[in-house]
Amino acid sequence: MRNIKKIVIIGGESTGKSTLCEHLAMHYKTSWVKEFAREYLETLGRDYVETNLLEIAKGQLALEKKIGTAANQFLFCDTDLHVIKVWSDYKYGRCDSFILHKIAKQKQDAYIITSPDFPWKEDPLREHPEPKLREYFFELYKAIVLKTGLPYCIVSGNEVERMKKATFFLDDLY
């Protein structure tokens with residue numbers, strides 16, 4: 001992907017990632033990559049199993065590659081493979097070696113972490129509305145991002161406040 005900066009929006013369930021991605025893409029007149037897992041799971045017709053996570057990871061990578069060709073300046077991603085690893089570890093106690101290998105090779109430029117202070121919105125694909133678990137996943141994603149050594153910001157508050165923080169971060173960074 002040319003000189004496109006890949007910005008990953010990462011955070012727990014129902015923390016405004018998709019909305020923020022969409023608004024950032026509109027603001028910067030570029031593309032954004034939806035979470036492949038959502039469409040995949042909606043069409044699965046049953047509860048997912050561990051092997052489905054590998055298919056979700058492959059689908060996410062393919063979608064990023066496809067949509068990335070139309071991006072300019074930024075490509076906003078509504079997730080990355082770290083999220084799949086977190087879910088795999090949490091639910092199954094392990095993660096497929098393909099996913100781990102791809103995580104080691106993925107090339108992001110920055111992260112935006114969404115705080116769990118955003119109101120929970122019920123959805124059949126969401127699993128953990130409990131405040132303690134929302135905070136647990138937030139801290140886990142924050143630790144993962146810190147380990148990457150990449151620039152990041154944490155957004156909190158309502159949609160407008162999150163958008164202001166994210167655009168200030170990106171404008172300052174690039």
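**A walk from Ser115 through the sheet and its helices**

Hi everyone, let's begin at one residue: Ser115, which sits in the loop between β4 and α6, the helix of residues 131–148. Before going on, please keep in mind that what you see is a predicted model.

So, is Ser115 buried or exposed? Its relative accessible area is 11%, and because buried means under 20%, Ser115 counts as buried. What does Ser115 touch, once we leave aside its neighbours within four places in sequence? Its contacts are Thr15, Phe138, Val155, Ser156 and Arg162.

Now let's step back from the loop into strand β4, residues 110–114. How many of its residues are buried? The count is 5 of the 5, so β4 is largely enclosed by the rest of the structure. If you look at the two faces separately, Ala110, Ile112 and Thr114 are on one side, while Tyr111 and Ile113 are on the other, and both sides are covered. That split may look familiar: side chains in a regular strand alternate between the two faces of the sheet.

Which strands pair with β4? Let's take its partners in turn. Strand β1, residues 5–11, runs parallel to β4 and is joined to it by 5 bridges. To find this pairing on the screen, look for Ile9, whose bridge partner in β4 is Ile112. The other partner is strand β5, residues 152–155, which pairs with β4 over 4 bridges, again in the parallel sense. Here you can pick out Tyr111, whose bridge partner in β5 is Tyr152. A little further along, Ile113 has Ile154 of β5 as its bridge partner.

With those pairings in mind, we can see the whole sheet. It is an open sheet of 5 strands with parallel pairing, and the order is β2-β3-β1-β4-β5. Which strands are at the edges? They are β2, residues 31–33, and β5, each of which pairs on one side only. From one strand to the next, the twist averages 20°.

Next come the helices, and I'd like you to follow α3. This helix packs on the sheet, where it touches β1, β2 and β3 (74–77), and its direction makes about 175° with that of β2.

Helix α3, residues 50–68, also packs against helix α5, residues 97–105. The angle there is about 30°, and the axes are 9 Å apart. Why do we call this pair roughly parallel? Because angles under 35 degrees count as roughly parallel, α3 and α5 fit that description. Their crossing is left-handed. On the α3 side, the contact is made by Leu53, Leu54, Ala57, Lys58 and Leu61, and α5 brings Phe98, Ile99 and Lys102. By class, that gives 6 nonpolar residues, 2 charged ones and no polar ones.

Finally, α3 has a contact with helix α2, residues 36–44. These two pack at about 130°, with axes 9 Å apart, and that makes α2 oblique to α3. This crossing is right-handed. From α2 the contact uses Phe36, Ala37, Tyr40, Leu41 and Leu44, and from α3 it uses Asn52, Glu55, Ile56, Gly59, Gln60 and Leu63. Sorted by class, the contact of α2 with α3 has 7 nonpolar, 3 polar and 1 charged residues.

To recap: we met a buried serine, Ser115, then an enclosed strand, β4, then the open sheet of 5 strands, and lastly α3, with its contacts to α5 and α2. Thanks for listening!

Notes. Residues numbered from 1 in each chain as written. Predicted model: local features only at pLDDT ≥ 70, side-chain atom pairs only at ≥ 80, totals over all residues. Heavy atoms only, no water. Axes fitted to C-alpha atoms, helices over the stretch in contact; angles between N-to-C directions. Parallel < 35°, antiparallel > 145°, perpendicular 65-115°, else oblique. Left-handed = near helix turned anticlockwise from the far one by under 90°. Contact = heavy atoms within 4.5 Å. Nonpolar A, V, L, I, M, F, W, Y, C, P; charged D, E, K, R; others polar. Buried < 20%, exposed > 50% of the residue type's maximum accessible area, 1.4 Å probe, protein only. Pairing = 2+ DSSP bridges.
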